[in-house]
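Trainee: I should like to learn how to read a sheet and its surroundings in a structural model. Might we work through one case together?

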Amino acid sequence: MAFYPSYGNKFLALKSTLFPDGELVHGFGTRIRFDEPTDPPAPERECLQELAPAAAGVAWLRQIHSTAAWRVTLAGGDPVYRAGDNDAAVAHEPPEGDALLTAAPGIGLVVRTADCFPLILFDPHRRVAAVVHSGWRGTLARITSRVMDQLIRRFGVRPADIHAAVGPGIQGCCYEVDHRLADMYTSEFPDTIQPPAGPRSGPRLDLAACLRRTLLDAGVPARQQDFCPLCTACNPLLFHSWRRDGRQAGRMITLAFLPGG
Ligand SMILES: [Zn+2]
């Protein structure tokens, strides 16, 4: 498996060979566009339209670095979000959370990132998909394991059937962290902290290695995991990066949806 570029009319996206288009429409957006932006520019919305022209509805989140996951269905073309035991929580506007899952065709599931890692999970047998936003807080709390638990409980998914693509995020080359965070990670994910690059720098965290460990622990076979090797922070032409660009950093769209419906 590998990531490859997908050239649309306006935007460059990355895709994983894990997911044939006929089974799962998907894309990891980049910041590269081929046309003049509209006025005012709306790159996220436009990127979405290009990635998902056939989506019947689009589900978003107000991302908060949590482990909250919402299941999505469509009602009258609009997404309905449900969470909790017996679906106690219901929302009709994008709720606070960091993962979306669905078994319903036609719903574009979206997360937005700039250094945090976007994940797409897909079971081609049960036809269930999920997208996850996993930064340092979500990765430490193993949000991906929590999503896997929901896929198993709600949809009868077998972990060995899950295919997982981890999109572009900040890699160990650029992700300096303080010693407190390094210690927290060392106890949860041994061997994912790299030594400082120089006398005035801090330890570096390999979040992708933590996600690999999380997926393996959750039962996703290594041959069904695909990791984008590119670092958001040291590829400024390709990616937005919070660490590099600060508050003015844009966001990349990651989208997945089940065709049909
Ligand atoms: Zn880097």
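**Reading a sheet and its surroundings**

Mentor: Let us begin with one pair of residues: Leu121 stands opposite Ala130 in E11. Please bear in mind that the model is predicted.

Trainee: How many bridges does E10 form with strand E11, and in which sense do the two strands pair?

Mentor: A bridge pattern gives both the partner and the direction. Here E10 and E11 (residues 128-134) are antiparallel and share seven bridges. The two strands make a hairpin, with four residues between them.

Trainee: Which residue in that turn has a positive phi?

Mentor: Arg127 does, at about 55 degrees, although Arg127 is not a glycine. Arg127 belongs to the loop between E10 and E11.

Trainee: Is Arg127 buried, exposed or partly exposed?

Mentor: The approach is to count neighbouring C-beta atoms: 20 or more within 10 Å make a residue buried, and 12 or fewer make it exposed. Arg127 has 17 other C-beta atoms within 10 Å, and is therefore partly exposed.

Trainee: Where is His65, and what is its phi?

Mentor: His65 lies in the loop between strand E4 (57-59) and strand E5 (69-75). Its phi is positive, about 60 degrees, and His65 is not a glycine. His65 is partly exposed because 17 other C-beta atoms lie within 10 Å.

Trainee: Which strand pairs with E10 besides E11, and over how many bridges?

Mentor: A strand inside a sheet has a partner on either side. Strand E12 (residues 163-166) is joined to E10 by four bridges, and the two run antiparallel. Within this pairing, Ile120 has Ala165 of E12 as its bridge partner. Ala165 in turn stands opposite Asp226 in E15, and E12 and E15 run parallel, joined by three bridges.

Trainee: What is the order of the strands in the sheet?

Mentor: One reads the order from partner to partner. The open sheet has eight strands, arranged E7-E6-E5-E8-E11-E10-E12-E15, and the pairing is mixed. At the edges are strand E7 (89-91) and strand E15 (225-227), each of which pairs on one side only. From one strand to the next, the twist averages 20 degrees.

Trainee: Which helix packs on the sheet and touches E5?

Mentor: Helix H3 (residues 143-155) does; it also touches strand E8 (99-102), E10 and E11, and its direction makes about 160 degrees with that of E11. Helix H5 lies across E10, E11, E12 and E15, at about 175 degrees to E15.

Trainee: Is Ala209, which is found in helix H5, buried, exposed or partly exposed?

Mentor: Ala209, in H5 (residues 207-217), is partly exposed, because 18 other C-beta atoms lie within 10 Å.

Trainee: Which residues of E10 point one way, and which the other?

Mentor: One inspects the two faces of a strand separately. In E10, Phe117, Leu119, Leu121 and Asp123 point one way, whereas Pro118, Ile120 and Phe122 point the other way. Seven of the seven residues of E10 (residues 117-123) are buried.

Trainee: Which members of the largest nonpolar core touch the most other members?

Mentor: To find the centre of a core, one looks at contacts among its members. This core has 74 residues, and Leu109, Leu121, Ala129 and Val131 touch the most other members. Leaving aside neighbours within four places in sequence, the contacts of Leu109 include Ala59, Val72, Ala129, Val131 and Phe257.

Notes: Residues are numbered from 1 along each chain as its sequence is written. This is a predicted model: local features need pLDDT of at least 70, side-chain atom pairs count only at pLDDT 80 or more; totals for chains, interfaces and linings use all residues. A nonpolar core is a set of buried Ala, Val, Leu, Ile, Met, Phe, Trp, Tyr and Cys residues joined through C-beta atoms within 7 Å. Two residues are in contact if their C-beta atoms, placed from the backbone, lie within 7 Å. Two strands pair if DSSP finds at least two bridges between them. Axes are lines fitted to C-alpha atoms, for helices over the stretch in contact, and angles run from 0 to 180 degrees between N-to-C directions.
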